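Here is a quick look at one pair of packed helices and at a few cysteines. Have the chain open while you read.

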Amino acid sequence: MVSRSYSNLLDLASGDAPIPSFGRERKRFPRVATVAGILTDLDGENNVGSDAPSSVSLGRMIIVGNQLPLRAHRSPDSSGGWCFSWDEDSLLLQLKDGLGEGVEVIYVGSLKEEIEPSEQDDVAQTLLETFKCVPAFIPPDLFTKFYHGFCKQHLWPLFHYMLPLSPDLGGRFDRSLWQAYVSVNKIFADKVKEVISPEDDYVWVHDYHLMVLPTFLRKIFNRVKLGFFLHSPFPSSEIYRTLPVRDELLRALLNSDLIGFHTFDYARHFLSCCSRMLGLSYQSKRGYIGLEYFGRTVSIKILPVGIHIGQLQSVLNLPETESKVAELHDQFRGQAVMLGVDDMDIFKGISLKLLAMEQLLTQHPNKRGEVVLVQIANPARGRGREVQEVQSETKAAVRRINETFGSPGYTPVVLIDRPLQFYERIAYYAIAECCLVTAVRDGMNLIPYEYIICRQGNEKLDETLGRDPSAPRKSMLVLSEFIGCSPSLSGAIRVNPWNIDAVAEAMNSALVVPEPEKQMRHEKHHRYVSTHDVAYWAHSFLQDLERACRDHVKRRCWGFGFGLGFRVIALDPNFRKISVEHIVSAYKRTKNRVILLDYDGTMTLPSSTRTPNMETVGVLNSLSKDPKNVVFLVSGRDRETLTEWFSSCEKLGIAAEHGYFMRTNHDAEWETCVSVPDFDWKRIAEPVMKLYTETTDGSAIETKESSLAWNYQYADPDFGSCQAKELLDHLESVLVNEPVTVKSGQHTVEVKPQGVRKGLVAERLLDTMKLKGKLPDFVLCVGDDQSDEDMFEVILSARSGPSLSPVAEVFACTVGRKPSKAKYYLEDTSEILRMLQGLASALEQDARSAPQSSQQVIIDRE
């Protein structure tokens with residue numbers, strides 16, 4: 001069922017709560033080159049597909065972030081109007097360098113400053129015309145719930161591994177805050193809709209503030225070319241699964257074409273959550289990781305962001321920077337400066353760093369008077385009691401250390417908790433012997449990158465610092481192993497920030513490392529940072545986004561689902577719903593028919609173990625009694641069960657265990673489709689499977705006459721998958737000389753004789769009819785899972801061979817809209833049954849005049 005209005009996303013988020021009002025209606029910007037009707041119009045009752053081609057050339061990039069890359073202030077003159085300028089420190093602005101000169105960029109985001117409703121129209125028009133920025137005006141009360149509420153109280157702590165175990169630690173989940181989060185994301189979606197040209201534009205959404213935005217955009221434009229980058233950590237599944245809206249956020253992100261993460265750990269955690277909570281598995285092909293999600297491949301990008309080196313170098317060249325470096329050089333003359341630059345929040349580990357400094361001065365008295373820790377504490381982005389506690393704890397630790405180890409002319413710890421100009425921070429980088437980052441959890445942290453570039457210096461700073469311009473540069477880094485930049489800086493001393501003794505020793509090691517080693521580490525880091533800047537990162541992401549969207553033009557799209565469960569199914573353009581009238585018409589005018597039907601998952605639910613109902617048996621009997629039909633049941637079940645269930649269908653042929661056993665009707669003897677001299681291989685395979693069953697809780701062995709299968713459906717997904725890979729290798733090793741195949745399926749590892757497959761039954765049936773001079777002119781094959789794809793392939797390839805009539809009507813039909821070799825689909829088992837009843841009814845018109853003869857229908861049970 002296609003969801004018709006995305007307004008119900010808010011209803012879903014809050015139960016029956018009404019959509020909040022966002023103030024008076026404001027004028028909208030005209031859409032730019034938006035062609036109506038190109039994509040699926042989900043507000044139309046009967047329009048369920050979008051077939052128009054999409055361009056793969058990059059026209060514009062719409063960058064969406066929580067805040068626009070702008071600075072704003074009131075005009076000092078009497079007009080009191082707003083003045084805007086670019087925020088050169090904003091990552092969203094800096095990444096333009098990697099998009100190419102010919103790419104037009106439009107920004108969508110909110111403003112830091114509150115704009116009065118009466119001024120919003122004029123401000124919006126000015127920003128669009130002057131900066132190509134589209135502001136999303138969020139009412140203050142809604143913004144408070146969205147940003148300071150859901151983002152900072154729920155998502156931010158959870159993504160940094162802090163659980164709300166008590167009201168003091170983030171607070172309990174508040175449904176109203178979640179509703180505000182969804183509401184703000186909808187406002188952003190409306191703003192994107194005002195400016196997007198869906199056939200040409202790419203959309204790049206940034207960070208955890210807008211995680212459900214992809215669902216809104218995908219709902220409006222099924223083929224939108226959409227990338228998302230998460231700039232924070234993504235927690236392990238044990239942490240993430242505690243979030244009450246965990247599934248909604250995962251499914252929303254999966255409406256992107258490309259999802260980016262800073263490190264493999266973050267991506268691995270996301271993939272694990274998709275596996276454990278949504279049952280999705282990923283594949284790695286030619287270096288790219290992808291998730292198959294309803295016919296769409298959602299690509300995963302792993303690349304840490306870089307810094308804007310040009311901006312840093314321009315600040316390094318400022319006279320103010322040179323003066324500040326000279327001042328600091330004189331201030332700390334004869335002392336080794338260790339530098340920390342952190343936001344004042346609970347995850348940056350400032351107090352742990354101070355404890356390590358205290359430990360260093362305690363254990364190494366000779367360092368007193370020689371080493372100074374300069375801690376720059378930037379203002380906290382959040383607010384609340386936790387921030388106040390960090391501030392008071394930091395100041396108390398600084399005061400204690402300075403009182404204990406300080407002396408006239410020597411202050412061990414210099415705390416700078418006032419806002420610094422950028423050039424001032426650059427100056428501290430330039431004079432610091434070592435940079436310390438001891439965050440307990442941080443998504444990326446670009447401070448070490450900035451430090452490396454600043455330590456490279458320039459000629460003016462060399463003169464100021466009195467060093468030889470031709471001498472090799474040097475630097476040292478002590479980094480927490482829990483920050484995103486740590487894996488990329490392999491020359492750093494990595495530490496566990498919770499281990500105070502280890503951090504103190506690392507600080508001492510950084511000071512006493514020989515000069516050549518410091519130079520070597522610096523050169524290694526500088527080479528990486530200078531080649532992996534923000535432009536490289538943006539360009540690489542854009543390339544992968546273009547690749548991920550390349551097949552949009554080849555797919556038909558359908559929108560399904562309500563609320564945040566909405567998703568788009570992308571399928572081959574030739575894949576369409578079968579017309580019952582068309583197939584009945586073809587059925588009536590043909591004389592030699594083959595009908596292949598699946599049972600489990602096709603005529604009944606796949607989990608059902610009950611015997612077929614009377615309706616199902618009746619329609620099979622009607623079809624199998626027609627003298628023009630050939631009827632067979634092709635199932636993965638054992639032959640005893642199939643014989644019992646279909647004993648009343650005397651003319652029904654049955655193939656059991658995926659085609660190993662076969663009989664033409666109820667009175668015929670069972671035959672084997674594949675010659676197997678013995679099953680001695682079971683004595684080898686079964687003990688191996690038992691070993692893995694004993695060590696994998698939730699797994700079991702399924703024993704059939706012709707095969708053995710190890711099922712881990714109820715085991716831990718990650719451990720079960722790992723064990724399945726090991727078992728597959730183990731079985732292939734011990735059975736290498738046996739006439740069997742070992743295959744991995746959906747939660748199974750199966751061993752069966754070589755050549756056993758469902759398609760073999762179809763091949764034998766067509767060959768038998770050809771020998772009898774009865775070339776089929778009508779073939780219907782219906783199945784629902786991967787094992788049926790082999791039959792689809794056989795009958796479709798037979799159209800070009802001698803096994804079918806030249807005018808044969810061939811219908812390969814799968815259950816549900818999903819990627820398949822079949823060319824047709826029906827929605828569910830009830831539609832399959834209605835179609836078969838339609839065919840059976842067509843028979844009754846000629847039943848009295850038709851002679852009785854042997855018939856055969858092929859039905860697949862799995």
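What follows covers the model itself, then the helix pair, then the cysteines.

## About the model

This is a predicted model, where local features need pLDDT of at least 70, side-chain atom pairs count only at pLDDT 80 or more, and totals for chains, interfaces and linings use all residues. Residues are numbered from 1 along each chain as its sequence is written, and side-chain values use heavy atoms, with hydrogens and water left out.

## How H25 and H26 pack

Helix H25 covers residues 758-771 and helix H26 covers residues 786-797; they pack at an angle of about 30°, with their axes 7 Å apart. That makes H25 and H26 roughly parallel to each other (angles under 35 degrees count as such).

Who touches whom? On the H25 side, the contact (heavy atoms within 4.5 Å) is made by Lys758, Gly759, Leu760, Ala762 and Glu763. H26 brings in Ser787, Asp788, Asp790, Met791 and Val794. Sorted by type, the residues of this contact come out as four nonpolar, two polar and four charged, with Gly counted among the polar ones.

## What about disulfides?

How many disulfides does the count come to? Zero, taking a disulfide as a pair of cysteine sulfur atoms within 2.5 Å.

Take Cys273: its sulfur is 7.0 Å from the closest cysteine sulfur, in Cys274, so that is too far for a bond. Cys273 is also buried, at 0% relative accessible area (buried means under 20%, with a 1.4 Å probe and protein chains only). For Cys434, the closest cysteine sulfur is in Cys435, 6.9 Å away, and again too far for a bond. Cys434 is buried too, with 0% relative accessibility.

Methods. Axes fitted to C-alpha atoms, helices over the stretch in contact; angles between N-to-C directions. Helix = DSSP H or I, 4+ residues; strand = E, 2+ residues; numbered from the N terminus. Parallel < 35°, antiparallel > 145°, perpendicular 65-115°, else oblique. Buried < 20%, exposed > 50% of the residue type's maximum accessible area, 1.4 Å probe, protein only.
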